[in-house]
Structure formats: structure tokens, C-alpha cells
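Trainee: I'd like to learn how to read a helix, a core and a pocket in a model like this. Can you walk me through it?

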Amino acid sequence: MAKYIFVTGGVLSSLGKGIAAAAMGALLEARGLKVTIQKLDPYINVDPGTLSPFQHGEVFVTDDGAETDLDLGHYERFISTRASKKNNFTTGKIYYNVLLKERRGDYLGDTVQVIPHITDEIKNAIKVLNDDYDVVIVEIGGTIGDIESLPFLEAIRQFRYDVGRNNVIYVHLTLVPYIPTSGELKSKPTQHSVRELRAIGIQPDILVCRTDRPLSHAFKKKIALHCNMEVDAVIACRDVETIYEVPIALNGEGMDNIAVKLLSLDTKEPDLSMWANVVKKVKEPEDTVTIAMVGKYVGLKDAYKSLMEALIHGGIANSVKVEIEWVDAEDIENAGADKYLADVDGILIPGGFGERGIEGKIEAVNYSRKKKIPFLGICLGMQCAVIEFARNVCKMGGANSSEFDRETEYPVIYLIEEWYDFRNKTVQRRDLSSDKGGTMRLGEYPCVLTKDSMAYNTYGKEEILERHRHRYEFNNKYMDTLVKHGLKISGTSPDKQLVEIVEIEDHPWFFGCQFHPEFKSRPLDPHPVFKAFIEASLKEKKLLFQDSNIQKLEVCE
């Protein structure tokens with residue numbers, strides 16, 4: 001039977017529960033244990049698929065097509081286990097399941113209540129993962145004191161009694177602020193947070209204190225005394241330069257030792273050399289490249305969290321630091337591409353939905369194509385590349401996506417209403433009247449690569465599996481015209497009905513993909529697309545630097 005670690009947070013949100021849970025998973029995995037991590041979110045949406053990125057950050061997609069919280073991206077980047085639909089449950093999903101059972105008659109005769117029916121459903125959701133793992137880490141979304149979180153907290157309180165005290169521990173993450181005017185660290189927020197947690201029946205076994213400076217033994221002892229804990233169980237979690245240093249930092253505080261001891265797990269000492277190597281490459285790069293991220297959600301960086309990390313991974317693979325230049329697509333529409341893109345080494349256009357900023361993205365593609373700047377277009381970014389090529393190379397004036405212009409004469413991107421789902425072996429059908437939630441082409445699909453292509457050189461194999469999240473596709477009606485003018489189709493679905501990758505041959509590196517490669521990138525295993533993109537950007541930077549030096553020499557002579 002699996003052991004369980006429940007991670008809660010107090011004082012305020014965005015303290016980093018997801019990173020702490022993921023880092024703990026990495027430490028336990030380094031000890032030889034099989035680990036998975038689950039997120040329980042208190043919001044009433046069934047999943048985050050229809051939430052604005054400005055409200056909730058990116059939507060992370062799993063192999064089996066689940067639209068999940070962005071923390072699942074952290075989990076996958078820190079541990080080897082891949083997440084699925086079983087790894088993310090919301091209040092909406094829990095209540096939805098209970099209501100379906102009530103309508104079906106499963107509770108016939110009962111008054112359906114939060115306790116026991118909702119809490120039992122939450123406990124059942126946690127237990128779906130217990131057969132295949134040594135340790136299941138469960139992160140509870142929100143902050144202690146939020147009314148929305150109470151059913152989840154009650155469920156995990158009961159859980160310890162259901163499976164046995166030696167099989168469950170509680171980890172609580174709090175803030176220890178430093179007050180500059182008094183020159184003191186303050187423990188009161190932590191004390192109040194733990195008091196509130198204990199009031200609902202949960203005594204934390206490990207306390208993780210977010211802080212920007214070291215905590216003395218005397219300070220830890222004070223917290224331990226007020227929170228009814230062992231002093232060794234008070235863990236300082238200091239700010240670090242890179243999140244991939246967190247497992248090393250928590251190991252230095254003895255966190256994994258305490259966890260395995262409390263859970264009565266017999267494990268080897270962890271080997272963290274791979275993480276140390278990652279941290280070294282991040283902190284000691286040999287060079288720097290600047291990548292322009294041309295998007296519409298740049299006001300909230302979490303909207304592109306997996307992309308940001310994947311670019312870092314591409315930098316790790318090339319021993320360089322990647323600096324991201326955040327460019328609002330609407331600014332390009334107002335002031336032109338040259339103002340924002342003249343000094344970058346590569347241009348990336350990410351996925352997104354809606355018409356806002358589209359013309360700025362298309363202008364950025366045009367700038368990249370003409371100026372020979374390495375380009376990576378992902379999902380909507382690929383679609384913008386196809387639209388730009390159709391308009392400016394194939395002379396299809398007004399070419400567009402039917403998402404943005406239903407009356408366009410050249411809908412080179414259109415709504416896919418029917419496709420073969422290779423995962424489920426069924427034909428899927430959608431139209432404009434379909435529900436918005438969970439109706440896109442979601443999850444992992446196969447893609448066959450053309451051998452004589454940049455895509456094949458990047459991956460080094462003929463068939464790949466990548467994750468998708470989109471409704472609109474390349475319109476095959478215009479394929480012959482686009483190919484005739486120089487657009488290369490280098491990746492398609494096995495039945496050749498869906499275009500997955502486009503390239504331009506007369507260009508240093510121009511790659512557009514319908515899928516989201518960022519969802520599969522790991523610091524210990526950088527995705528080949530980001531590795532190649534950063535490598536191409538570095539190469540172009542060096543060539544430009546050489547050309548600049550030659551011009552200076554010619555002027556001097």
C-alpha cells in the first residue's frame with residue numbers, strides 16, 4: 001500500500017506549494033521510491049480548460065488529454081512519473097461525480113451531504129493512485145482559511161484514520177517574513193496559520209518556512225514550541241536562484257530524512273548529482289541568447305510557465321542562459337516589429353485563443369522570415385506562420401483563420417469538425433455549437449516526420465508523440481499552393497489528414513508545430529525542439545557578432 005504526504009499552504013497564496021511538493025517528489029525518487037503527485041483544487045470549474053490565463057496561468061495538458069492545473073507541469077519536470085486525469089481533481093469535478101451518483105440512485109434513501117458524501121468522493125479520488133506507487137504526494141490548492149478548501153481538508157483529516165497513522169504525514173508551507181524597519185524575522189504568521197490548521201484537526205508533521213534568509217536554530221525552536229512540533233521538522237526554504245536548486249536545498253535541511261522516518265520507509269541515500277549538474281549549468285552559463293516571446297498574456301508570466309521552463313531546458317542543453325524578451329503582440333501592431341525584435345536572437349510565438357494581438361503575431365512571423373531570425377511557432381504560432389506565408393508569399397490577400405474571420409476568402413486555418421483519434425480508436429466530431437470545455441484535440445497524438453527535414457534532424461526518428469490543445473487546423477485545401485511556393489510540410493498524422501509541422505527551407509531555422517512540445521520538456525531531459533531552437537539562435541548570434549566585427553575592421557582599415 002502507498003504512503004501519503006499531504007501538502008497544505010498558509011498565510012498567503014503563491015508561496016510555492018507546487019514547487020515544494022515537486023521537489024519533495026524528486027528527493028524521494030532519488031531515494032529509489034516510485035512517486036506520483038496529485039493536485040486537489042478548490043475552484044468549482046470542472047477543470048481549468050475554460051479559465052483565462054490571466055486568472056489561473058497556463059493550462060497544462062497530460063498524455064491522456066486532461067486539462068489541468070499548471071502545478072502538474074512542475075510535478076512532471078521534477079519526477080519521472082507522467083501525470084494523467086487521475087492527478088488533478090477540482091471541487092467542480094468532485095461535486096459533478098457526486099451529483100451523477102445521486103441522479104443514478106447510488107445514494108437512494110440518503111440525504112446527500114458534504115460529510116460523508118463529498119469527503120468520501122475526495123478520498124476515493126486520492127485512492128485511485130495508490131496501487132502503483134510507493135508514495136503519493138497530494139497538494140491541496142488554496143490557503144488555510146479559505147472556505148472553498150474546507151471539504152478537502154476534512155477529507156485528508158479523515159484519511160489518516162482510514163489508512164493508519166504511519167501511512168500519512170502532513171506538510172504545511174508558510175511564510176516567515178523579514179521586517180526591515182525592525183530588522184527581525186517574524187514567526188507570528190506561521191503560528192496563526194498552524195493554529196488554524198490545528199483547529200480543523202490537522203497537526204502538521206513538517207513545517208516548510210519560506211524565507212529570504214537563514215533561520216537560526218533558536219528561531220526554529222521558537223516556531224516548534226508554538227506549533228507543537230519537533231525542532232528538526234521546521235524546515236527553512238530559502239529563495240534560490242533557480243527552482244531546480246530546491247531539492248538540493250530541502251535535502252540540506254534534512255526534509256527527506258524526516259519524511260521517510262515518519263513514514264517508516266527503508267530507502268537508500270539520495271543521489272542528487274544530476275540536479276547539481278543542472279544547477280551548475282543554469283548558474284554558470286557559457287553564453288547568453290535573447291528570445292522574444294511574442295504573446296497576448298505577457299502581463300502574467302505564469303500563462304507561459306511551461307514555455308519559460310522549456311527555454312531554460314534548451315539553454316541547459318546548450319550551456320547558455322536564455323533571456324526572455326516579453327513582447328506584447330498588440331505593441332507590435334501599434335509600433336511595428338523592428339522596435340521590439342531588432343536585437344533578439346530568436347523569436348517564439350506561443351499558443352493562445354482569440355483574435356486580440358493576431359496581426360502583431362503575424363507581423364512578427366513576417367519579420368522573422370524576412371530577417372532570417374530563428375523562429376519557433378507553437379500551436380497558434382504555427383497557424384500565424386501559415387497565414388503570413390499565404391498572404392505574403394502565395395499572394396492570398398486576406399488569408400486568415402476562420403477563428404478570426406469566418407468570411408475570409410482563404411481560410412488556410414479552419415475549425416476541425418472531424419478527425420480520427422488514434423488514442424481512443426474512434427472518430428471525433430465537433431462544430432461551432434459544441435461545448436467549449438474539454439472539446440479540443442487534447443493530449444498525445446502520433447506524428448510521422450519526413451526524413452529530409454529539419455523536424456527529422458531535430459528528433460532523429462520518423463515517428464513522435466506530442467501533446468495537443470487546439471480546435472483549429474491547417475486547411476488541406478490550400479496545401480498544394482502553399483507547398484508549391486516553398487512551405488514544407490514535414491510532419492503529419494499517420495493518416496496524413498492533419499498537418500503537424502511546417503518549415504521554410506530557405507531560412508536558418510524556421511519551425512512551426514501544431515502541438516505543444518513544452519509540455520514534455522524536462523531539466524534532466526530537454527526537449528529536442530527547444531534544444532535545436534536555442535542552438536540555432538546561438539549560432540545566428542555568433543554569426544552576427546562575427547559579421548559585426550568584420551564590418552568594424554573594414555571601417556578601421
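Mentor: Sure, and keep in mind that this is a predicted model. Let's start with helix α11, which spans residues 273–283 and has W275, V278 and V279 buried.

Trainee: Why do the buried residues of α11 line one face of the helix?

Mentor: Here's the general idea: an α-helix has 3.6 residues a turn, so residues three or four places apart point the same way. In α11, the buried residues sit within an arc of 95° when you look down the axis, so they line one face.

Trainee: Which exposed residues does the face of α11 turned away from its buried side carry?

Mentor: That face has M274 and K280.

Trainee: And what do the buried residues of α11 pack against?

Mentor: Their partners are α1, α3 (71–78), α9 (246–252) and α12 (305–318).

Trainee: Now the core. Which residues of the largest nonpolar core touch the most other members?

Mentor: Look for I5, L28, I137, V171 and I206, out of 46 residues in that core. Helix α1 (residues 17–30) contributes the largest share, ten residues. A separate core has 42 residues, including L380, I387, I413 and I504.

Trainee: Let me zoom in on I137. What is I137 in contact with, leaving aside neighbours within four places in sequence?

Mentor: With those neighbours set aside, I137 contacts I5, V7, A21, M24, G25, L28, V35, T36, I37 and Q38.

Trainee: On to empty space. How do I find where it is left?

Mentor: Rolling a probe the size of a water molecule over the atoms shows where empty space is left. In this model, the largest pocket comes out at a volume of about 960 Å³. It has 38 lining residues, and S14, L15, G16, K17 and D71 are the closest to its centre.

Trainee: Which helix gives the most to the lining of the largest pocket?

Mentor: That's α1, with four residues. By type, the pocket lining splits into 14 nonpolar, 13 polar and eleven charged residues.

Trainee: How many cavities of 30 Å³ or more does the structure hold?

Mentor: Two. The largest cavity has a volume of about 40 Å³, and its lining includes T36, I37, Y75 and E76. Both β2 and α3 give two or more residues to that lining.

Trainee: How does the lining of the second largest cavity divide into nonpolar, polar and charged?

Mentor: There are three nonpolar residues, six polar and no charged. Among the residues lining that cavity are T8, G9, I140 and G141.

Note on methods
Residues are numbered from 1 along each chain as its sequence is written. This is a predicted model: local features need pLDDT of at least 70, side-chain atom pairs count only at pLDDT 80 or more; totals for chains, interfaces and linings use all residues. Side-chain values use heavy atoms; hydrogens and water are left out. A nonpolar core is a set of buried Ala, Val, Leu, Ile, Met, Phe, Trp, Tyr and Cys residues joined through side-chain atoms within 4.5 Å. Buried means under 20% relative accessible area, exposed over 50%, partly exposed in between (1.4 Å probe, protein chains only). Contact means heavy atoms within 4.5 Å. The arc is that of the directions from the helix axis to the C-beta atoms. On a 1 Å grid over the protein atoms alone, a cavity is a set of points where a 1.4 Å probe fits but cannot get out, and a pocket is an open set with protein on both sides within 12 Å along at least five of seven lines; lining residues have an atom within 4 Å of a point. Grid points are joined across faces, edges and corners, and a volume is the space filled by probe spheres set on the points. Ala, Val, Leu, Ile, Met, Phe, Trp, Tyr, Cys and Pro count as nonpolar, Asp, Glu, Lys and Arg as charged, and the others, Gly among them, as polar.
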